[in-house]
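Q: I would like to learn how to read the enclosed spaces inside a protein model. Can we go through them one at a time?

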Amino acid sequence: MLVSGIVAEYNPFHNGHLYQLSETKRITSCDYIIATMSGHFTQRGMPCILDKYTRTKMALASGVDMVLELPVAYACASAQYFCEGAVSLLNKSNIVDYICFGSESGNIDLLFDIAKLLAYETPQMSHLLKHYLSQGISYPSARQQVVTEVLFEKSDEKYTKKDINHAMSHPNNILGIHYLRALLKYESKIIPVTVKRTSIYHDENIKSQVASATAIRKNLLLGHRDQIKDTMPSSAYAILLNTLKDFPLTSVDNLSMYLRYKLISSTLNHLYSLWDIPKDLCHSIYNSFDNFSLLSDLAASVTSKTYTSATVYRSLLRIILDIAVSDMQKLQCIQWIPYIRVLGVRKRALPLLSKLTEVSSVPVITNLGRTLNKLDTLSRSLIAYEQKATAIYYSSNNINNKGKEDLLHPFIVI
């Protein structure tokens, strides 16, 4: 039984994802594909356009065999923690042989060589990094410059400086490098493979049947449903249309009143106690929020060369969810993952679920309502963030009967 793992948001599931599934099967000859999927919020700190149960159904109907939930604390974290959480989850399942991710580069050797440099930083790299930082260069730019110089020299010009810079300046390459770093960190036996992306990340225009999720979401929000029909598998598109009958499309500004309440009721010292938010960004947010009613306007006002839009939105979401450093430090000590939650499975993959339950390093949850009281304190603290995220997600869309959906939603089998 060969199993491949994919980390995804499926926001929503589209033909690019279908291509990745096909290529994963071709490259690895796997029997099953598991997707570790973000719940109700994305890595950019935005609410997903559709709820996690709908997106699970889309994935299963389109060929994914099992969907595992990436806990929200990691799903809305910076690239390092996002990838560490996802890789740790797949690693602790003890059933995954390969991890397959999309990249703009498509060159697994180059991405792995970069990951090794970052994972095992040498004194030479530390010295160069301090040198560039002293010149006023931002940390990401300085790190990119150091890696480019060191790898170019170390590889005997196997890679050009242009190749290395490209690998470190595109979003899916960067995630791929962090997946590889996490595999090294956990000394995982999971084998990494990459599929070269066929669409441009964040391209807002639909030019063919393979379009970015950004373009699809944009057209959905504009009401152009017919324009996206051919960019999605027919099964996923049908699920989308059926869901939209009862569920409004989400907007980040629907979270504005939750953020405002948290900032009004918090001190600056409390913001400092929240996880993965730089102190000077906390300071900027705290001093600026009273001038803006919409979350997006506040985010724009504190976005800068130092802190990107994605960093700001992630930070604002962590303020809303009140994710504490004290909780996350305890979770980091156990490699982040204290349980594995299964959102859904295809009928053909039920033997895979049995295998997961048998060999997983941590408890496997298929029915949270029945399992919650049996879990340890650390697991319950992580699940509490999940329940809060679910309640806020639905409430912000004026759906007030689904706040306890994490406890009540049935396990999905297709």
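Q: How many cavities of 30 Å³ or more are there?
A: A cavity is a space where a 1.4 Å probe fits but cannot get out. In this predicted model, two cavities of 30 Å³ or more are counted.

Q: How much space lies in the largest cavity?
A: The largest cavity holds about 80 Å³ of space. Its lining is made up of 13 residues, and those closest to the centre are Arg341, Val342, Thr366, His409 and Phe411.

Q: Which elements give two or more residues to the lining of the largest cavity?
A: Three names answer that: β6 (340-345), α20 (368-371) and α22 (405-408). Of the elements, β6 gives the most, with three residues.

Q: What classes of residue are in the lining of the largest cavity?
A: Seven of the lining residues are nonpolar, four are polar and two are charged.

Q: How much space lies in the second largest cavity, and which residues line it?
A: The second largest cavity has about 60 Å³ of space. Its lining consists of Ser256, Leu259, Arg260, Leu263, Phe289, Phe292, Ser293, Leu294, Leu295 and Leu298.

Q: Which elements give two or more residues to that second lining?
A: Here they are α13 (256-264) and α16 (295-302). The largest share, four residues, comes from α13.

Q: How do the residues of the second lining divide by class?
A: In the second largest cavity, seven lining residues are nonpolar, two are polar and one is charged.

How values were computed. Residues are numbered from 1 along each chain as its sequence is written. This is a predicted model: local features need pLDDT of at least 70, side-chain atom pairs count only at pLDDT 80 or more; totals for chains, interfaces and linings use all residues. Side-chain values use heavy atoms; hydrogens and water are left out. On a 1 Å grid over the protein atoms alone, a cavity is a set of points where a 1.4 Å probe fits but cannot get out, and a pocket is an open set with protein on both sides within 12 Å along at least five of seven lines; lining residues have an atom within 4 Å of a point. Grid points are joined across faces, edges and corners, and a volume is the space filled by probe spheres set on the points. Ala, Val, Leu, Ile, Met, Phe, Trp, Tyr, Cys and Pro count as nonpolar, Asp, Glu, Lys and Arg as charged, and the others, Gly among them, as polar.
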